[in-house]
Amino acid sequence: MRALCWHGTQDIRCDTVPDPKLEHPRDAIIKVTSCAICGSDLHLYDNFMPGMERGDVMGHETMGIVEEVGSEVTNLKRGDRVVIPFTIICGECDQCRRGNFSVCERSNRNKSLADKVFGHTTAGLFGYTHLTGGYPGGQAEYLRVPFADKTHIKVPQGLSDAQLLFLSDIFPTGWQAAVQCDIQPTDTVAIWGCGPVGQMTIRSALLLGAKQVIAIDTVPERLAMAQAGGATTIDFMAESVVERLNEMTGGKGPEKCIDCVGLEAHATATLDSMYDRAKQAVMLETDRPHVLREMMYVCRPAGTLSIPGVYGGLLDKVPFGMAMNKGLTMRMGQTHVNRWTDDLLRRIEAGQIDPSFVITHTVPLERGPEMYKTFRDKKDGCIKVVLKP
Amino acid sequence: MASGLGWFSIGLGLVELLAPQAVSRVLGLRGQERLVAAYGAREVATGVGLLLSRDPEPWLWGRVAGDALDLGTLATALDRQSDRREEAGLAMLAVLGVTALDLASAWSHASRRRGRAAARRRLPDYARRSGLPASPEKMRGAARDFVVPEDFRTPAALRAWGVANEVA
Ligand SMILES: NC(=O)c1ccc[n+]([C@@H]2O[C@H](COP(=O)([O-])OP(=O)(O)OC[C@H]3O[C@@H](n4cnc5c(N)ncnc54)[C@H](O)[C@@H]3O)[C@@H](O)[C@H]2O)c1
Ligand SMILES: [Zn+2]
Ligand SMILES: [Zn+2]
């Protein structure tokens with residue numbers, strides 16, 4: 001089959017690889033009808049996350065039709081239409097039973113490695129480094145889904161792929177990012193980053209009833225899309241983020257701050273960004289935590305920082321003392337996708353939101369490699385790419 | 001090109017910074033050691049800027065300005081009855097060559113920037129892509145029926161205690 005494979009820094013190729021086969025009675029094979037490129041894939045593309053190997057199949061936002069199921073998968077059958085969450089879940093371990101799916105204790109087949117690196121393992125993820133299981137991803141014609149009896153979201157026929165695909169990741173991610181803030185009707189929610197995750201977070205914060213949603217980025221078309229979703233915007237290259245946020249909150253700062261940027265924050269004109277670029281270049285730190293620092297600084301005391309943006313390793317010059325003394329709450333993590341998807345699917349069916357608004361490019365799988373570049377460089381108005389195998 | 005000039009800047013700057021005496025002697029700028037070292041620091045800073053920033057254009061114009069300063073300073077060595085006039089002249093020629101490179105590079109960046117700006121003006125308009133069935137104002141709070149799970153709520157100790165107590 002055809003699949004997008006990782007070959008090194010900024011080197012993704014559309015290769016021919018062996019078709020996946022059932023390896024375990026709880027597996028299923030999915031014929032992929034749509035898949036997408038995520039901002040998290042860009043961290044792999046730019047080679048900032050350790051643990052990728054040549055030839056790994058990329059992709060963790062996938063949907064399709066069930067082709068084949070293992071003997072123990074009794075709740076799925078050939079022909080069922082499913083969206084596959086990016087987190088692989090057993091559904092039975094302690095964490096799964098608490099709904100903490102992204103830290104499932106059993107789905108990471110490289111558990112002993114993850115135990116060493118993280119202290120305790122996290123869930124297996126599709127197409128996302130050998131630290132999280134090294135499972136082949138879904139930017140391909142077929143996908144093997146481990147623990148398939150739990151790792152799926154059944155979806156109805158009446159809705160399009162474009163409306164449903166993002167249940168796999170970015171819609172629940174934006175939703176959890178906002179839910180983590182426990183939004184009150186009096187809250188100002190400030191959101192850094194207007195990529196696909198930021199866009200979903202803006203809509204979620206609005207629907208959950210925030211008084212004011214403020215979005216920060218510098219890419220004009222992303223800011224325009226943020227405004228369409230009801231956000232007031234700040235261009236971080238043209239204005240001071242801290243000054244504007246204080247202005248808009250009567251000098252007190254936003255109660256809730258959400259980081260939808262992660263470890264590749266752009267160098268802004270500030271000194272700390274230059275410092276991060278230099279240290280990263282000589283490999284003295286792995287991540288560029290400019291947004292985290294800014295959030296800690298500007299957040300209202302006793303406020304909440306929600307961090308869906310991905311970080312990989314070591315962060316330098318994070319003003320933890322400031323956060324401690326201000327009594328900030330921090331919530332973060334990979335999304336517990338299946339915890340939210342029943343509710344979100346209902347909202348899509350009810351017409352409360354249509355997540356397809358974020359798609360700007362739909363192209364055949366073969367054009368994936370060039371689309372990685374277009375998406376990364378924010379060329380051609382690109383915000384979200386859907387690939388059709 | 002920009003990164004080439006960046007490394008060149010750093011190299012030249014380090015020489016000026018670390019050996020200002022030797023440089024001044026060769027160029028007939030005796031007594032100006034401090035100035036030469038300061039120029040070295042400027043070269044290093046510009047070089048680092050060129051290498052690290054996403055947009056090298058301002059740093060390139062910075063180099064052009066620096067070249068003008070260098071030329072002016074070297075010209076003072078030409079004026080004087082110095083025995084190093086020839087060296088100063090040669091150095092000026094070299095700086096002129098580099099200035100040409102800097103200018104060419106800055107101009108090409110500027111024209112590419114104008115190209116990008118034009119492309120941006122041609123971009124599709126996303127101002128209507130809300131994903132919502134009604135205006136954001138109407139949709140604000142439409143999902144307030146959602147019950148935030150207990151383990152996702154602000155810890156009880158941090159909730160608005162005073163307000164809750166007044167109500168109770
Ligand atoms: N927690 C999860 O489960 C989860 C799921 C999906 C994605 N993510 C992460 O979310 C993040 C965003 O994903 P995406 O798909 O939207 O990616 P993206 O790269 O398209 O978006 C990032 C945006 O941040 C902006 N940005 C950069 N520096 C900034 C700064 N200093 N201030 C404000 N904005 C800045 C960029 O211009 C860009 O628009 C990534 O780190 C991704 O890995 C996490
Ligand atoms: Zn993702
Ligand atoms: Zn589990």
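Along the chain, the donors of the zinc ion (ligand 3) are spaced as C-x2-C-x2-C-x7-C. This is a predicted model, in which local features need pLDDT of at least 70 and side-chain atom pairs count only at pLDDT 80 or more, while totals for chains, interfaces and linings use all residues. Residues are numbered from 1 along each chain as its sequence is written, chains are lettered from A and ligands numbered from 1 in the order in which they are written, and side-chain values use heavy atoms, with hydrogens and water left out.

The SG atoms of A:Cys90, A:Cys93, A:Cys96 and A:Cys104 coordinate the zinc ion (ligand 3) at 2.3 to 2.4 Å; donors are N, O and S atoms within 2.8 Å of the metal (3.2 Å for Na, K and Ca). The arrangement is tetrahedral because the four donor atoms subtend angles of 105 to 117 degrees, where tetrahedral requires all angles between 85 and 135 degrees. Both A:Cys93 and A:Cys104 are buried (under 20% relative accessible area, 1.4 Å probe, protein chains only).

Ligand 1 is surrounded by 34 residues, counted if one of their heavy atoms lies within 4 Å. Polar contacts, pairs of N or O atoms within 3.5 Å, include these from an oxygen atom of ligand 1:

| Residue | Partner atom | Distance |
|---|---|---|
| A:Gly39 | polar backbone atom | 3.0 Å |
| A:Ser40 | side-chain N or O atom | 2.7 Å |
| A:Pro196 | polar backbone atom | 3.1 Å |

Taken alone, ligand 1 exposes 870 Å², and the protein buries 97% of that (Shrake-Rupley method, 1.4 Å probe).

Key: Tetrahedral: all angles 85-135°; square planar, octahedral: opposite > 155°, others 65-115°. Buried < 20%, exposed > 50% of the residue type's maximum accessible area, 1.4 Å probe, protein only. Polar contact = N/O pair within 3.5 Å; in protein donor to acceptor, adjacent residues only side chain to side chain.
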